Structures are given as structure tokens and as C-alpha cells.
Amino acid sequence: GLKHHKAGAPIVELFFKSIRKLLLKAAIIDLDNFNQEKNFHSILKALAYQSFANEYVWKVSKEEESSLNELYDKILKKISDEKTITINSIFLLGSYKKLFDYPELKNVFHKFKSDKNLAEIIKLQILDFEEEFKIKQTIESIGTIEDEISLDVRSQYEDFPYPRWESESLDAYTMNNYVDRIERDIFPNVLLKKNKINNVLIAGCGTGYQAIISAKTDKNATIYALDISKTSLSYGIRSARDLGIKNIKWFHGDILNLDSFEKDFSVIECTGVLHHMNNPKNAFNMLSNKLVPNGFFKLALYAKKYRDLLIPEKSIINEQKLKANLQDVRKARDVIFKKSFNDGTNYSCLRLADFYSTSEFIDLLMHKKELSFTIEGLKELFEDNYNFLGFVIANQIIRNKFRNIYLKDTKRLNLNNWDEFEKNNPETFRAMYQMWLQKK
């Protein structure tokens, strides 16, 4: 069951890194024997999928680097002499770097794309990237991106599209319509004005997960997915094609250019985006202008109370002058692991899935631009023009705890109560404040 999951605890990571290293040693000592060993096949396959899913975030020692180069040379020689490539070798290579990044082997891998044992990994680690590159050339843009912060943020997501995701759990999102989804999210509150939903804008759709969920939620709605990064969009477009989803229109551009887009929306979702902008209030107002009266707005922003808990690990990254690239991400994680083991420092980030993959680590701790909010700040942002419909909180323990303290607040809508609750429970909104609003 390793496949497609972020191996979460440091100790689990250590275990799998050691196994990968031992298998590399075995391959170097006797490659023929290694390739014939059927017992290795399942674990090698699992390691290749796991390493790809976490974007090769695990540290690679100098010794492994040189062993990997030696193995690569041996495999190239084998191919030129014997014209074959074996499954164990492919999975081992794919557990250190994606197959797309072994230039001399790419064409060879293409020949194996219909082999039943290899088809899936070759699609995942080579063909998908080639297809996304082609898609990228065809994406429509609205306006020109001029804002300096927007350009900075774009460059981060072009290099590290975020997040990479798997499509196996999407069926749960299929519903009768969008209103059902909103009501499920804001339970125990219910909507008094249930207007019809036709057009949905996902403002800052990243790699398309949210847009695809929205398209599955209500197949009669048209979803407009806008993002600043063409690399992220091409991942989303390719994933939607793979899933046979057709009710999404994809656009490249900045939220700040939405004025030039001739359309109004019945729902706007903007999650995890405005806190990466120079002036979140301006961007929020820009989006509000595109929302119909009584329209629904899903907003998600960083909670200052939780983000403050990440200051110790961010300080390490700043002290070491580490940058947003794979080598430095590995270095940063190594230092945090060591300090946590050696002096028992309790780093919040170690409990988050984001710590265990490259683009998510960068998004969490090395972002080019980020702001965070308090509940007071949220009120200032939306209270004039919106009614608060409720926070989206999946964690049942938090929901029950709040209910038991604030017995009179049966719909969980009193923001002052939430403010007080968060002061006593600073991890409440570690996955951001996520809320639904309705335009007045």
C-alpha cells in the first residue's frame, strides 16, 4: 500500500531510504542477478511510485550519487550490447529521478510503453510530461502579467507546479448539484437563498484538482479555471483529459487582469491564492466584481495563529540561506530532522503532509510571497459585502470541541467565538481558514 501515498513519519522515510540504498548496492554488485530477482520487483515498483509522488524529496548521499552514475553507465552499455532493458533496473532508476530526466534512455523507454509491467510508470514518468509540454503551447492567456509579485510567484509555480495529486478518490465529489456541496461544507448551517449555479470560477486553480472536483460536483455547471502558471495548467488539462472531464474551460492569467474577461460567475472559489498577492484586498474586490448578487464565494487564506508556529523552521531556512530548489529542500529537511532528533525540538511542519514532498515543502516554508490573516482581518476583508455561511472544517474533533464550548452557537457562525476558540487552539486552521460567503 505504499503506492501513491506520502510516507508520513520521519522514521518511515528513513526505513525506505535505507531499502532504496541497499537495492542500489545490490544492483552495482551484480546487475544480472539483480535484474533476475523477482522478489525485488514489488518493492522497487512501490519505491518508484512513492519517490515520484513525493517529487524525489528524500536525501541522496554522495555515495549513492556515484553508485547511481555507475549503474546508469552499466545500463546504457547493456542496452547497446544486448538491446534489452530490464524491469528492476527501470524501477530503481525511477526511484532516484523521474525517467524523463535520464536523457539517453528516454527513447528506449518509449519502446516499452505497451509492456504491461512498464506501461503505467512510463506514462507517469515520461509520456505525461511530454503531453503537458505540448498542451502548454496551446493555453489561452487573458491580459499580460505585469505585477512584480505575480511574476515572482508565477516563476515558482512554473518550476514547481503545486500540488501533484492522484485521481483515485474523486468519486465522492459527484453530487446532484453545487448547492448540495456548499450545504455539506457549511453544515449545520443551510442556505436560505439557493440560487441556480451556472458558471463557476476557480481563481488560482494550480494543477487543477479543485477545478476537476468542481466539474465532478455538478456536471451541468461550466467551470472556468484560471491560473498564473502554464506548467500547472497543463498538468490540470492533462489530468482532466485522462478522467474524461469536459465541462472545464482553462485560462492562463492573473486575477488582477480579470476586468478584461467578459463574464460573471454564480460561484467563485479562491483558495490559497490571495495571501500570495501584493494586495489581497484589491484582488478580492476584483473577484467580487465578477460575482453575481447572492453569489457564493469560497475563500481560503493562511491563519496567522498557525503560520506563527512555523517560524522556527523558517528561521533555519533563512539562516542557511536556502533557496527553492530540490538540493536546498533536501538540505533544509535534513537540518530540521536532525535538530528534531538531537534536541527534541517539536517542529510543527513534521506533522504536515506538505513536509514530505518537494513542491509542497516549498509552498509551505519557502514561498516567494506570503501574508497571513487573523479572524479580525478576515472580517475587514468581507464583512461589508458578504454574509458568512460557515467554515469548512473536516476535522470532527475540532467541530465537536467547538460545539461543546459554544452551545448557543448552533450554526457555528459567530466569528468572535471562533476567534476565542482559535486563541486556545492555534492549530485549528492549520489547513487555512476555509469558508463560504454569500454576496449581499
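Here is a friendly conversation about this predicted model, covering its sheet, its pocket and cavities, and some of its loops.

Student: What is the order of the strands in the open sheet of eight strands?

Tutor: Happy to start there. The sheet is open and its pairing is mixed. Read across, the order is S1-S4-S3-S2-S5-S6-S8-S7.

Student: Which strands stand at the edges, each with a single partner strand?

Tutor: An edge strand has one partner, so one side of it is left without a neighbour in the sheet. The strands in that position are S1 (141-142) and S7 (386-391).

Student: Which residue in S4 stands opposite aspartate 227?

Tutor: Look at strand S3 (residues 222-227) and strand S4 (residues 248-253), which pair in the parallel sense. Five bridges link S3 and S4. Opposite aspartate 227, in S4, stands histidine 252.

Student: In S6, what is the bridge partner of threonine 271?

Tutor: S5 and S6 also pair in the parallel sense, over six bridges. S6 is mostly covered, with eight of its eleven residues buried. The bridge partner of threonine 271 in S6 is alanine 300.

Student: At about what angle does helix H9 run to S8?

Tutor: Helix H9 (residues 178-186) lies across several strands, namely S2 (199-203), S3, S5 (265-271), S6 (291-301), S7 and S8 (433-439). Relative to S8, H9 runs at about 125 degrees.

Student: Where is the proline that a cis peptide bond joins to phenylalanine 187?

Tutor: That cis bond joins phenylalanine 187 to proline 188, with omega about 10 degrees. As for its place, proline 188 is in the loop between H9 and S2.

Student: And what is omega for the cis peptide bond of tyrosine 162 and proline 163?

Tutor: Proline 163 sits in the loop between H8 and H9. The bond that joins tyrosine 162 to proline 163 is cis, and its omega is about -15 degrees.

Student: Is tyrosine 56 buried or exposed?

Tutor: You will find tyrosine 56 in the loop between helix H3 (41-53) and H4. Its phi is near 60 degrees, a positive value in a residue other than glycine. Buried means under 20% relative accessible area. At 8%, tyrosine 56 is buried.

Student: Is lysine 83 buried or exposed?

Tutor: Lysine 83 is in the loop between H4 and helix H5 (87-94). Although it is not a glycine, lysine 83 has a positive phi of about 60 degrees. Exposed means over 50%. With 64% relative accessibility, lysine 83 is exposed.

Student: How far apart in space are threonine 86 and glutamine 36?

Tutor: Threonine 86 is in the loop between H4 and H5, and at 28% relative accessibility it counts as partly exposed. In sequence, threonine 86 and glutamine 36 are 50 residues apart. In space, C-alpha to C-alpha, their separation is 8.5 Å.

Student: Which helix gives the largest share of the lining of the second largest pocket?

Tutor: This pocket holds about 760 Å³ of space. Of the 32 residues that line it, the closest to its centre are Lys98, Asp101, Phe129, Asp159 and Arg164. The lining divides into 14 nonpolar, six polar and twelve charged residues. With five residues, the largest share comes from H4.

Student: Which elements give two or more residues to the lining of the largest cavity?

Tutor: The structure holds five cavities of 30 Å³ or more, and the largest has a volume of about 90 Å³. Its lining includes Asp185, Phe187, Pro188, Gly390, Arg412 and Trp418. By type, the lining residues divide into six nonpolar, one polar and four charged. The elements that give two or more of these residues are H9 and S7.

Student: Arginine 412 caught my eye; which residues is it in contact with, leaving aside its neighbours within four places in sequence?

Tutor: Good one to pick! Arginine 412 lies in the loop between helix H18 (396-405) and helix H19 (415-424). At 11% relative accessibility, arginine 412 counts as buried. Beyond those sequence neighbours, the contacts of arginine 412 are Phe187, Pro188, Phe388, Arg399, Phe402 and Trp418.

Notes:
Residues numbered from 1 in each chain as written. Predicted model: local features only at pLDDT ≥ 70, side-chain atom pairs only at ≥ 80, totals over all residues. Heavy atoms only, no water. 1 Å grid on protein atoms, 1.4 Å probe; cavity = no way out; pocket = protein on both sides within 12 Å on 5 of 7 lines; lining within 4 Å. Points joined across faces, edges and corners; volume = space filled by probe spheres on them. Helix = DSSP H or I, 4+ residues; strand = E, 2+ residues; numbered from the N terminus. Nonpolar A, V, L, I, M, F, W, Y, C, P; charged D, E, K, R; others polar. Pairing = 2+ DSSP bridges. Contact = heavy atoms within 4.5 Å. Axes fitted to C-alpha atoms, helices over the stretch in contact; angles between N-to-C directions. Buried < 20%, exposed > 50% of the residue type's maximum accessible area, 1.4 Å probe, protein only.
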